[in-house]
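Colleague: I am new to this structure and would like a close look at just one part of it. Please take me through the aromatic rings and then through what surrounds them.

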Amino acid sequence: MPQALRAQSLLALATLVLSACATTSPRVSSSDVEVLEKVLRARSARYLIAQSLRLEAVGARLLRALPDAGPDQRVPYLGLVVDDATETLADALGVGKREGVVVLGVVPGGPAERGGIEAGDYLERIGPLTISTAQDLAALDELEVNRPIPVLIRRGELMVAALLEPEYLPWNVAFKIVRDDVVNAYSAPAAVTLTTGMLRFLRSDDELAVVVTHELAHITRNHAVPKLGLAVPTIVLSVIAAIVVPGSQRLVSTVVEKVVANVIRGALTKVDWDMEREADVVGFVYLHAAGYDPAVAIALWERFAVELHTGRSYAFISDHPPSSERLIRLQRLLEALRAGVPPQSILVGDLNELPPP
């Protein structure tokens, strides 16, 4: 076949294939797509800002109700939600983009709101601290403050001075959100983190408080330490097994490592379950102390069991005891509170001594 005829045949075939494609009119230009993408990014940022403020407000209310952790935990609390400025955040807040730290919002009734700080303000100084990045605010924890804190902000093109009366919360805990569709929440020694999936699952601030108090109980009861104490032997014994049975007998070594890991995992499961049980009880009392209805906890954990279909049965290796056990225990706690049992007695008493449901 001549080269020219071959080219014409290929062109005709391509035209035939393309003509069979689905109709794509009206045409959408790349510039239109870019404009809408920018709008959607700003809306997404506004959603996360609103969720961060919601979490911070509930978290602060709960922290105020906690028992005092001691003087070393008392740090100035200003009720600010901030982040390093980006074009997307500036668009979401409706302010001009500039370098620095922008205020995403202020906790209702908190020191920043009372001092006149607004969303969209850029932080310049807090007390003696120059604020260039959001990380600079961590230095607030080291300040000895016994009087109002002067704050300098940039609002538009104006420099505005404010005076904030700091609040001192019993515990120094940060509240964070991560983008993840999995319904989950977890804690570290000084932070409670919720996924966006969890926030979508929770229907109210009361339900949010249930989850946060559970994680706060893990922190106040120092649950990270025993888990770490049992995790270390797993690593050490596995290393020893690899040294004792090296090389050609690696298969034996692997079996030894797995046996060791399962034994430790079984011990960790016992520790996990006991800590989860304690977090349920302590968190329940914290929820009541902060003025939330503890009955919400029972309804929420039941919805977890029904809608997420997790943790409904006993298993040797599982982070949490079954939901049925949790629901029975929480129902007994609710009955105890309604019967007039003091919350402090619930914290230090034997569950078996509580009145039956």
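Modeller: Happy to! Let us begin with a term: two rings of Phe, Tyr or Trp (for Trp, its six-membered ring) form a pair if their centres lie within 6.5 Å. Please keep in mind that this is a predicted model. The structure holds two aromatic pairs, and ring pairs link F201, W301 and F304 into a cluster.

Take F201 and F304 to begin with. Their ring centres are 4.8 Å apart, with 50° between the planes, and the pair is tilted. Planes under 30 degrees apart would count as stacked and those over 60 as edge-to-face, so an angle between these limits gets the name tilted. F201 sits in helix α5 and F304 in helix α9, 103 residues apart, so this pair links distant parts of the chain. Both of these residues are buried.

The other pair joins F304 to W301. Here the centres are 5.1 Å apart and the planes make an angle of 40°, again tilted. W301 and F304 are three residues apart in helix α9, which means that about one helical turn separates them. W301 and F304 are both buried. F304 therefore belongs to both ring pairs, and through them the cluster of F201, W301 and F304 is linked.

Now look at R303, in helix α9 as well. Why might such a residue find a partner? Side chains of opposite charge can pair when their charged atoms come close. R303 forms a salt bridge with E207, and the closest N and O atoms are 2.7 Å apart. E207 lies in helix α6, 96 residues from R303, so here too distant parts of the chain are linked. Both R303 and E207 are buried. A network of salt bridges links these two with R203 and E307. The structure as a whole holds 18 salt bridges.

The helices you have just met turn up again in the nonpolar core. The largest nonpolar core has 49 residues, and L194 and L216 have the most contacts inside it. Helices α5 (196-201), α6 (205-220) and α9 (295-308) are among the elements that each supply at least two residues of this core, as do α2, β11 (191-195), α8 (250-289) and α10 (323-338). Helix α6 gives the largest share, eight residues. If you would like to follow one core residue in the picture, try L194: leaving out residues up to four places away in sequence, L194 touches residues including L55, L199, L202, L208, V211 and V212. There is also a second, separate core of 19 residues, which includes L78, I126, I149 and V151.

Finally, step back to the whole protein chain, which has 11 helices and 11 strands. Of its 357 residues, 39% are buried. The links between distant parts that we followed have a wider setting: among contacts with a separation of 6 or more, 62% are between residues 24 or more positions apart. For a contrast with the buried rings, find L36 in helix α2 (residues 30-64). L36 is partly exposed, at a relative accessible area of 47%. Together with V35, V39 and L40, L36 makes a nonpolar surface patch of about 320 Å².

Conventions
Residues are numbered from 1 along each chain as its sequence is written. This is a predicted model: local features need pLDDT of at least 70, side-chain atom pairs count only at pLDDT 80 or more; totals for chains, interfaces and linings use all residues. Side-chain values use heavy atoms; hydrogens and water are left out. Patches are made of residues with over 30% relative accessible area and no salt bridge: like charges are joined within 9 Å, nonpolar side chains (Val, Leu, Ile, Met, Phe, Trp, Tyr) within 5 Å. Accessible areas come from the Shrake-Rupley method with a 1.4 Å probe; for residues, only the protein chains shown count as cover. A salt bridge is a side-chain nitrogen of Lys or Arg within 4 Å of a carboxyl oxygen of Asp or Glu. Helices (H or I, at least four residues) and strands (E, at least two) are DSSP runs, numbered from the N terminus. Buried means under 20% relative accessible area, exposed over 50%, partly exposed in between (1.4 Å probe, protein chains only). A nonpolar core is a set of buried Ala, Val, Leu, Ile, Met, Phe, Trp, Tyr and Cys residues joined through side-chain atoms within 4.5 Å. Contact means heavy atoms within 4.5 Å.
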